[in-house]
Amino acid sequence: MTTATGVADGLEAWIAPSRTAVVVIDMQVDFASPEGALGAYVDMGGVQPAVTAAERLVESARTVGVPVVFVGLFTSADTDSSAWRERMRRRGGDPDGESALCRTGEVGSDFYGPQPLPGELVVRKTRYSGFGGTDLHDRLKALGVDTLVVAGVTTECCVDSTVRDAFSLDYHVFVAADACAAYEADLHAASLKVMELNSAILTDTAQVAAVWSA
């Protein structure tokens, strides 16, 4: 992963604690744990370093008073729209099985790795973007936030969707690349490249921690 030229020089002002929130996306059992629903089909070995990096990022944020927002997928049969299920069927999948991820009230929807503390914001979504059908934007604005440092899974799906929407809502977006992961390395790399090209600045947890600790 490379960061944009000059990022280190301006990062202290750009991610100042007074303006910034850390947003952790979909680090949940079904998406990130070997014991989750996808763990039976996907090698989660590539995800674990991102989970560990996200834990470091969250601790760095808390140390300097940067708010941490946990965004998660929480589904039910009622949120499985006909379009959602039909796309799965047309791709040759099983809508009943594929839709049953991060079901509300089940272990699969529990956060995995970094955990929200009492009083920290938890935003529940039913689609890819953390801004889709949620009050995330209002809650960030209530905090006086105009800058986001984003971590989560998967890079090409819910991270990318949230980052695009954040940029469209005029947030300054930084992606902690080492705290994000996809199930395929090439998808992760390509998605980082696209986000850097269109909607975000890439950084990493070490750079962010160095700025905040200074």
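Axes are taken here as lines fitted to C-alpha atoms, for helices over the stretch in contact, and angles run from 0 to 180 degrees between N-to-C directions. In the predicted model, the axes of helices H7 and H8 come within 10 Å and cross at roughly 5°. Since angles under 35 degrees count as roughly parallel, H7 is therefore roughly parallel to H8. To this contact H7 contributes Thr155, Glu156, Val159, Asp160, Val163, Arg164 and Phe167, while H8 contributes Leu187, His188, Ser191, Leu192, Val194, Met195 and Asn198. Classified by residue type, the contact of H7 with H8 comprises seven nonpolar, four polar and three charged residues.

Helix H7 covers residues 155-168; at 1.5 Å a residue, its 14 residues should span 20 Å, and the end C-alpha atoms lie 18 Å apart, which agrees. Buried positions in H7 are Thr155, Cys157, Cys158, Val159, Asp160, Ser161, Thr162, Val163 and Ala166. These buried residues pack against strands S1 (20-25), S3 (121-125), S4 (147-153) and S5 (172-181), as well as against helix H8 (185-198). After H7 comes Asp170, with a positive phi near 75°.

The strands are arranged in an open sheet of six, in the order S3-S2-S1-S4-S5-S6, with parallel pairing. Its edges are formed by S3 and S6 (201-203), each of which pairs on one side only. On average, neighbouring strands of this sheet are turned by 25° against each other, direction ignored. Within the sheet, S1 and S2 are joined in the parallel sense over four bridges; Val24 has Phe70, in S2, as its bridge partner.

Helix H3 packs on this sheet, where it touches S1, S2, S4 and S5, and its direction makes about 135° with that of S5. For the 16 residues of H3 (residues 48-63), a rise of 1.5 Å a residue gives an expected span of 22 Å; the end C-alpha atoms are 23 Å apart, in agreement. The buried residues of H3 are Ala50, Val51, Ala53, Ala54, Leu57, Val58, Ser60 and Ala61. Their cover includes S1, S2 (68-73), S4 and S5, together with helices H2 (29-32) and H9 (205-213). Gly65 follows H3 and has a positive phi, near 80°.

Helix H8 also lies on the strands, crossing S5 and S6 and running at about 170° to S5. H8 is thus placed against S5 and S6 and is in contact with H7.

Notes: Residues numbered from 1 in each chain as written. Predicted model: local features only at pLDDT ≥ 70, side-chain atom pairs only at ≥ 80, totals over all residues. Heavy atoms only, no water. Helix = DSSP H or I, 4+ residues; strand = E, 2+ residues; numbered from the N terminus. Expected span 1.5 Å × (residues − 1). Buried < 20%, exposed > 50% of the residue type's maximum accessible area, 1.4 Å probe, protein only. Contact = heavy atoms within 4.5 Å. Pairing = 2+ DSSP bridges. Parallel < 35°, antiparallel > 145°, perpendicular 65-115°, else oblique. Nonpolar A, V, L, I, M, F, W, Y, C, P; charged D, E, K, R; others polar.
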